[in-house]
Amino acid sequence: MDRSLNKIVAINTLSNYALIAIRIIYVILITRFLYRALGEDYYGFWSILWAFFTYVAVFNFGFGATVQKFTAEHLFETNPEKYNKIISIVMFAYFGVSLVILGVVGLGIFNMGAWTNISNPTMMSDCQYALLVFGVGMAILFPLSTFVDILTGLRLIYLKNIVMILLRIVEIFGIYALIAAHSKFIAFVIFSTVMNVGFTAFLAFIVKKKIPTFRILPRIDISVFKEIWNFSFFVYLNSLAMLITAKTDRFILSSILGLPSVSAYQIGTRLPEMSQSLSSQFQDNVIPVASNLAKKNDLAGLKTILVNGMRFSTFVSFGATILFYVLTPQTVKVLFGFTSLEITAICRIFLISQFVYCAVRNVPYRYLQVSSKHKFIAMSSTIQAVATIALGIWFCQKFGTIGIAWASLIPNVLISVVVIFPVAFKKLNIGFSDLFAIYGKPFFVALIAGVFCFGIEKSFGETSWSIFALIIAYFLSGLVYLGAGWIIMLSRDERKYIADILSSRILGK
């Protein structure tokens, strides 16, 4: 495996972190700008519009992974006609979803009063118009998402991220300008919709430049559809099972214990969600890289890139998990204003659960999806979803809110550690030395940083925590973690390689 692949994976991963940073800034600024400019009612409807798009994105039928897989295998070079047939099938399927989107939008417009309780005629008209504009934009945007998957398959995630970063920056300045001009609500919706469609459409231009033979065919090849559906269906089944696993806990809680329990539970999941975001940015590379190297039968290169990717993911996950775990009560109190022991316990249980997902499960299951084990993965995720729901109902009735957290953790650990992990590692022929590099070394690093962080937590006491104290604690503990990681995690050659890169970039040597 040549070094250029390692380089592109590193660039893609770093660009993912850059996009996360911009998204955090975007969410903070846009929330502050729009909430103050629009008021509670209009801002609430703005939130509903984007929540609608999030749910619509679920209906990709597993075609996203299909596009990434066949693009990564460079089918557009070996058999461009078949590749174009595959992409055309995906695009036609997405156009079908777009028609459904427009139908739902039409129903929403005509029944606006029933599902929003809006009584003001002016606001009713504004929201109906906004839903129409947004719905049409999303109907256009959904098929365009194919080009995001094509760029991912080409291992050009960084290009997609650059476009998305530019989009968010333009949106921030554009929305600020609209606020300064005292624009109406519909102007914000039109601007945001046009920007998202326009920037995503630009990705199509990039794809055409990278794949000159690419074109959309006017009809569907049924034999090709049957071939890709055998893969896509099980990928989609896996996605649905994981969605059910992740989202049904709130419904179980509300139906058994009521809405107040959901609020406390939601606060308890915030830190684990942040930890998962920090730990899972390498994983976008797995499907395109694994598909490409498996197609070339470069099993040694595939093992190297996945082992190094898991080393990185596990290192980040160990660090985020241990520091958040030690400082859970202080972080929840400072950031969210809660001091409940129950919320602290829920948060810590989910921190362990997300660690298992990011460090043990995520890379292996993505690799198995594109190595003829997609049916196995789908069945495993389905069993986990059923077990999570059944245990959730039982534990919720028996132990209350915290029971739901345990019901999520137990099936996740069993399926990840006992089922998926051994199959992937056997298939990759990963030995004890690899396991020690992936889990043993970062464990010792996390132990050092965890003890240091615990000492800081005790030195501050229980009553002197503020946002500044929290930043100091995380910053110092993070430095200890990175320092220990530099010494323990990396080999001499790796330290020299990184030092040479930093020296050439920063000092120009």
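## Exercises on a predicted helical chain

L151 has a relative accessible area of 0%, so it is buried (under 20% relative accessible area; exposed is over 50%, partly exposed in between; 1.4 Å probe, protein chains only). The model is predicted: local features need pLDDT of at least 70, side-chain atom pairs need pLDDT 80 or more, and totals for chains, interfaces and linings use all residues. Residues are numbered from 1 along each chain as its sequence is written, and side-chain values use heavy atoms, without hydrogens and water.

**Exercise 1. Place L151 in the fold and list its contacts.**

Step 1: find the element. L151 sits in helix 6, residues 121-153. Helices (H or I, at least four residues) and strands (E, at least two) are DSSP runs, numbered from the N terminus.

Step 2: collect the contacts, meaning heavy atoms within 4.5 Å. Neighbours within four places in sequence are set aside; L151 then touches L156, I157, K160, L203, I206 and V207.

Step 3: check a C-alpha pair. L151 and A204 are 53 residues apart in sequence, and their C-alpha atoms are 9.3 Å apart.

**Exercise 2. Which residues does N16 touch, and is N16 buried or exposed?**

Step 1: N16 belongs to helix 1, residues 3-56.

Step 2: read the accessibility. N16 is at 3% and therefore counts as buried.

Step 3: leave out residues up to four places away in sequence. N16 is in contact with I157, N161, Q281 and D284. I157 is also a contact of L151.

**Exercise 3. Describe I305 and its link to the start of the chain.**

Step 1: I305 lies in helix 13, which spans 299-326.

Step 2: its relative accessibility is 4%, so I305 is buried.

Step 3: I305 and N6 are 299 residues apart along the chain, yet 7.2 Å separates their C-alpha atoms.

**Exercise 4. Characterise the chain as a whole.**

Step 1: count the elements. The chain has 20 helices and 0 strands.

Step 2: test compactness. The radius of gyration is 24 Å and the globule rule gives 23 Å for 509 residues, so the chain is as compact as a globular protein of that length. The radius is taken over C-alpha atoms, and the rule is 2.2 Å times the number of residues to the power 0.38.

Step 3: box the C-alpha atoms. Along the principal axes the box is roughly 60 × 60 × 55 Å.

Step 4: look at burial and contacts. Buried residues make up 50% of the 509. Among contacts with a separation of 6 or more, 83% join residues 24 or more positions apart.

Step 5: take the surface. The accessible area is about 24,400 Å², and 69% of that belongs to carbon and sulfur atoms (Shrake-Rupley method, 1.4 Å probe; for residues, only the protein chains shown count as cover).

**Exercise 5. How many cavities of 30 Å³ or more does the structure hold, and what lines the largest cavity?**

Step 1: set the search. Rolling a probe the size of a water molecule over the atoms shows where empty space is left. On a 1 Å grid over the protein atoms alone, a cavity is a set of points where a 1.4 Å probe fits but cannot get out; a pocket is an open set with protein on both sides within 12 Å along at least five of seven lines; lining residues have an atom within 4 Å of a point.

Step 2: count. The search finds 1 cavity of 30 Å³ or more.

Step 3: size the largest cavity. Its volume is about 40 Å³ (grid points are joined across faces, edges and corners, and a volume is the space filled by probe spheres set on the points).

Step 4: assign the lining. Its residues include T245, D249, T388 and I404. Helix 9 (222-256), helix 16 (374-399) and helix 17 (401-428) each supply at least two residues. Helix 9 gives the most, with 4.

Step 5: sort by class. The lining has 4 nonpolar, 5 polar and 1 charged residues (nonpolar: Ala, Val, Leu, Ile, Met, Phe, Trp, Tyr, Cys, Pro; charged: Asp, Glu, Lys, Arg; polar: the others, Gly among them).

**Exercise 6. Analyse the second largest pocket.**

Step 1: the volume is about 370 Å³.

Step 2: of the 16 lining residues, P329, Q330, E457, E462 and W465 are the closest to the centre.

Step 3: helix 13, helix 14, helix 15 (341-369) and helix 18 (432-460) each give two or more residues.

Step 4: by class, the lining has 6 nonpolar, 5 polar and 5 charged residues.

Step 5: examine helix 14 (residues 328-336). T328, Q330, T331 and V332 are buried there. Just after this helix, G337 takes a positive phi of about 80 degrees.

**Exercise 7. Where do H74 and N429 lie, and how exposed are they?**

Step 1: H74 is in the loop between helix 2 (63-72) and helix 3 (75-78). Its phi is positive, about 60 degrees, although H74 is not a glycine. At 23% relative accessibility, H74 is partly exposed.

Step 2: N429 is in the loop between helix 17 and helix 18. Its phi is near 60 degrees, again positive in a residue other than glycine. Its relative accessible area is 60%, so N429 is exposed.
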